[in-house]
Structures are given as C-alpha cells and as structure tokens.
Amino acid sequence: MAGHLSNLELEILRKLVNGESVTVSSSFRLRLEMAGVIRDEARGIVVTTKGLQLAKQKPAALTDPASSPGTYVLDKRGRRLPHQRKSIF
C-alpha cells in the first residue's frame, strides 16, 4: 500500500516522524492508518516501523515517473503552460 501514498501524505508522515507540528485531516489520518504507517491511539498519532522506513527514504525515490517535467510544455521560468494538451484526433 505504500506505493499508493501521495507525496503530500509522505510529507505529512515525514513531519510526524520529525516531531513537527502538522494538522492531519481525518481523511489523511484514516488513509495513513489503513496503509499501516500510523496508529491512532488515545495519546495521539503513533508512527509504526513501516512508517519510519517510508519517512526515511529519499523523496526523489518516491516521486511519480508520470509527473516528470519533460511531459509538459514549460515557459522560461519552468511553469506549465495552460491549454497545451495534445489532441487525440
């Protein structure tokens, strides 16, 4: 299930491991708990060993290959230009 976590969820997990203050919505909390990376207890969120392993991985290794910058037309500042979809016809 770890491969299905979004970059935002992995960033939240890293912040929890580092002890930073982070607001976790109920949907993120439930998703992370179902993935087995946290446990929601009476004393708060507890990161599991699987969660610790995921949090310690490098962020570059976790990025999605479909979101590589070469797939979009970019301007000179690196921003994606609107209305640049390839026609299917």
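A residue counts as buried here when its relative accessible area is under 20%, as exposed when that area is over 50%, and as partly exposed in between (1.4 Å probe, protein chains only). By that yardstick, buried residues make up 19% of the 89 residues in the protein. Before we go on, please keep in mind that this is a predicted model, in which local features need pLDDT of at least 70 and side-chain atom pairs count only at pLDDT 80 or more, while totals for chains, interfaces and linings use all residues. Residues are numbered from 1 along each chain as its sequence is written, and side-chain values use heavy atoms, with hydrogens and water left out.

Let us start with the overall layout. The protein has 3 helices and 2 strands; helices (H or I, at least four residues) and strands (E, at least two) are DSSP runs, numbered from the N terminus. Reading along the sequence, you meet them in the pattern α-α-β-β-α. A contact means heavy atoms within 4.5 Å. Among contacts between residues at least 6 apart in sequence, 40% join residues at least 24 apart. The accessible surface comes to about 7100 Å², and 54% of it belongs to carbon and sulfur atoms; such areas come from the Shrake-Rupley method with a 1.4 Å probe, and for residues only the protein chains shown count as cover.

Helix 1 is a good place to begin the tour. This helix has 12 residues and reaches 16 Å from its first C-alpha to its last, close to the 16 Å expected at 1.5 Å a residue. The expected span is 1.5 Å times one less than the number of residues. Its buried residues are Glu 9, Leu 10, Ile 12, Leu 13 and Arg 14. What lies over them includes helix 2, strand 1 (38–41), strand 2 and helix 3. Just after helix 1 comes Gly 19, whose phi is positive, near 80°.

From here we can step into the interior. A nonpolar core is a set of buried Ala, Val, Leu, Ile, Met, Phe, Trp, Tyr and Cys residues joined through side-chain atoms within 4.5 Å. The largest one has 12 residues in all, among them Leu 10, Ile 12, Leu 13, Val 37, Ile 38 and Ala 55. Helix 1 (7–18), helix 2 (26–35) and helix 3 each supply at least two residues of this core, and helix 1 gives the most, with 3 residues. Ala 55 touches Leu 13, Arg 14 and Val 17, not counting residues up to four places away in sequence.

Thr 48 sits in the loop between strand 2 (44–47) and helix 3 (49–56). Is Thr 48 buried or exposed? Thr 48 counts as buried because its relative accessibility is 13%. Leaving aside neighbours within four places in sequence, Thr 48 is in contact with Gly 36, Val 37, Ile 38 and Arg 39.

Glu 33, in helix 2, has a different set of surroundings to look at. Its relative accessibility is 33%, so Glu 33 counts as partly exposed. Setting aside neighbours within four places in sequence, Glu 33 is in contact with Ile 38 and Asp 40. Glu 33 and Val 46 are 13 residues apart in sequence and 9.8 Å apart in space, C-alpha to C-alpha.

Finally, the charged side chains. A salt bridge is a side-chain nitrogen of Lys or Arg within 4 Å of a carboxyl oxygen of Asp or Glu, and the structure holds 5 of them. In one, the side chains of Arg 29 and Asp 40 meet at 3.4 Å, N to O. This pair links distant parts of the chain, with Arg 29 in helix 2 and Asp 40 in strand 1, 11 residues apart. Arg 29 is partly exposed, with a relative accessible area of 28%, and Asp 40 is partly exposed at 35%.

Which residues are linked in a network of salt bridges? They are Arg 39, Glu 41 and Arg 43. Arg 39 meets Glu 41 at 3.1 Å, N to O, and Glu 41 meets Arg 43 at 2.9 Å, N to O. Arg 39 is partly exposed, with a relative accessible area of 39%, and Glu 41 is partly exposed at 28% relative accessibility. Arg 43, at 70% relative accessibility, counts as exposed.
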